[in-house]
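Reader: I have a model open and don't know where to begin. Can we go through it together?

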Amino acid sequence: MSIEISAVKGRGDLREFVELPFRLHRGTPWIPPLRLERYLFLTRRLNAFFTHGQAAYFLARRDGRVVGRITAQVDFGYNQFHRSRWGMFGFLEFEDDQEIVDALLATAEAWCRAKGCDRMVGPMCFQINDEAGVMIDGFEREPLIREPWNPPYYQERCDQAGLAKAMDLFGWDLDISDRERVDPILPRVAERAHTKYGVTIRRMSRRHLRSDMEEFAKIYNAAWSHNWGFVPYSEADLDAYTLEMQLVFSRDWYMIAELDGQTIAVAISIPDVNQVQKRMQGRLLPLGWFYYLIRGRIMDRVRVGFLGVLPEYQHTGVAAALYMEHFDVAARSRQSKGEASFILEINTAMNRGLEAMGARLVKRWRIYERLLDPAAKPSAP
Ligand SMILES: CC(C)(COP(=O)(O)OP(=O)(O)OC[C@H]1O[C@@H](n2cnc3c(N)ncnc32)[C@H](O)[C@@H]1OP(=O)(O)O)[C@@H](O)C(=O)NCCC(=O)NCCS
């Protein structure tokens, strides 16, 4: 039987869309997300992405059975900022069969073409700052929060579908309890930031998290805007991100570096909620909520998420000071391990910093691209 693709209509289809990875990845290192969270995320009126984007969801069926899924989306905020015409695809899951992937990608492509896009980039769910990329290395390791995990055949099928590599994202394993591995240059450079320039580090506050997130946004917009795939945060995105950060608030790991009272750098690491989700098995009931309540006792690792310095203060040791602060926190908290993930392969400054911290490159994800307009040039620099 050939593959039938249809748009997700109604609750039954959405349930099939959410359930597919639960079936495909059972018994693997994949960690089930909370189903409720996935439903909310995919509900257009509840997800901030839809204040500046549009998306369509599709299912692939064979003999009536769901065998694949994909979304196609346009982020108008992204395109406006970059003056681009990108379309994107995401939430890609499929059984190991080329016909399924080809049909899914062709459907997303047709949707993007109809929106006037000159290319289709992905997978992204829905943006690069959410889950993004096909995992191509590190399959034996559990994913940390918001890291995608898929079996090795995904890469082979995407390559065979004719998708081209746009960018690889690195995942570094970091033992923040082990100072022996740290290049001695880092504490020296960090010390300089404090003594020569007078940089201080404070923590974000739970009560004032929204205003601290405004500070984060200022740094993010200035420091990251030249990074490939940079997505500007809208006010609605920032509200949503603040809410997520509240749910996993961990004062120690939300850092702001200041000079003369002005924010010049931020670092946000997130305790790995996946360790809790692993026990919840996708459900709040009967015991899921209990694991969430005792999450502080379960989580012993963090995901180093965002770390950025205002361009005019780079190379002054501020980042090194924040790196060393991670080691100080690890020494007094339960979380002593971590991963720094989604670091662009071309982000030399950050990759160098991680090497100096003694981190090991253990995971890799690939963002693919398909050009739709003959005049379009590949996006990788
Ligand atoms: C990545 C980033 C935070 C680095 O900031 P930075 O201010 O350049 O870093 P610092 O000055 O604190 O530390 C770097 C210094 O540590 C030392 N150092 C770092 N890694 C080193 C290594 N592997 N070997 C030797 N020395 C090293 C060097 O002295 C280096 O100084 P230099 O850059 O002038 O050569 C900054 O480039 C940035 O904000 N980028 C945009 C945001 C981003 O992409 N973040 C990462 C993804 S989350």
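Author: What follows goes from the whole chain to its domains, its core and its ligand. This is a predicted model, in which local features need pLDDT of at least 70 and side-chain atom pairs count only at pLDDT 80 or more, while totals for chains, interfaces and linings use all residues. Residues are numbered from 1 along each chain as its sequence is written.

Reader: How many helices and strands are there in the chain?

Author: The chain has 13 helices and 15 strands. These are DSSP runs numbered from the N terminus: helices are H or I with at least four residues, strands are E with at least two.

Reader: And how much of the chain counts as buried?

Author: Of its 381 residues, 42% do. Buried means that 20 or more other C-beta atoms, placed from the backbone, lie within 10 Å of the residue's own.

Reader: OK, domains. What does the assignment give?

Author: Domain 1 (4–168 + 366–371) and domain 2 (174–364). The bounds come from an automatic or database domain assignment. The domain centres, taken over C-alpha atoms, are 26 Å apart.

Reader: How many residues are in contact between domain 1 and domain 2?

Author: On the domain 1 side 27 residues are in contact with 29 residues of domain 2. Contact means C-beta atoms, placed from the backbone, within 7 Å. On that side of domain 1, α3 supplies the largest share, three residues.

Reader: Which residues touch the most others in the largest nonpolar core?

Author: Leu104, Ala265, Val318 and Leu322, out of 104 residues. Such a core is a set of buried Ala, Val, Leu, Ile, Met, Phe, Trp, Tyr and Cys residues joined through C-beta atoms within 7 Å. α12 gives the most to this core, with ten residues.

Reader: Where does this core lie relative to the domains?

Author: Between them, because domain 1 and domain 2 both give residues to this core.

Reader: What is Ala265 in contact with?

Author: Leaving aside neighbours within four places in sequence, its contacts include Ile219, Gly308, Val318, Ala319 and Leu322.

Reader: Now the ligand. Which residues are closest?

Author: Gly308, Gln314, His315, Ala319 and Ala349 are the closest of the 25 residues around the ligand. A residue is near the ligand if its C-beta atom, placed from the backbone, lies within 6 Å of it.

Reader: Which element gives the most to that shell?

Author: α13, with six residues. Elements that give two or more also include α6 (185–195), β13 (301–309) and α12 (318–332).

Notes
A residue is buried if 20 or more other C-beta atoms lie within 10 Å of its own, exposed if 12 or fewer, and partly exposed in between; C-beta atoms are placed from the backbone. Two residues are in contact if their C-beta atoms, placed from the backbone, lie within 7 Å.
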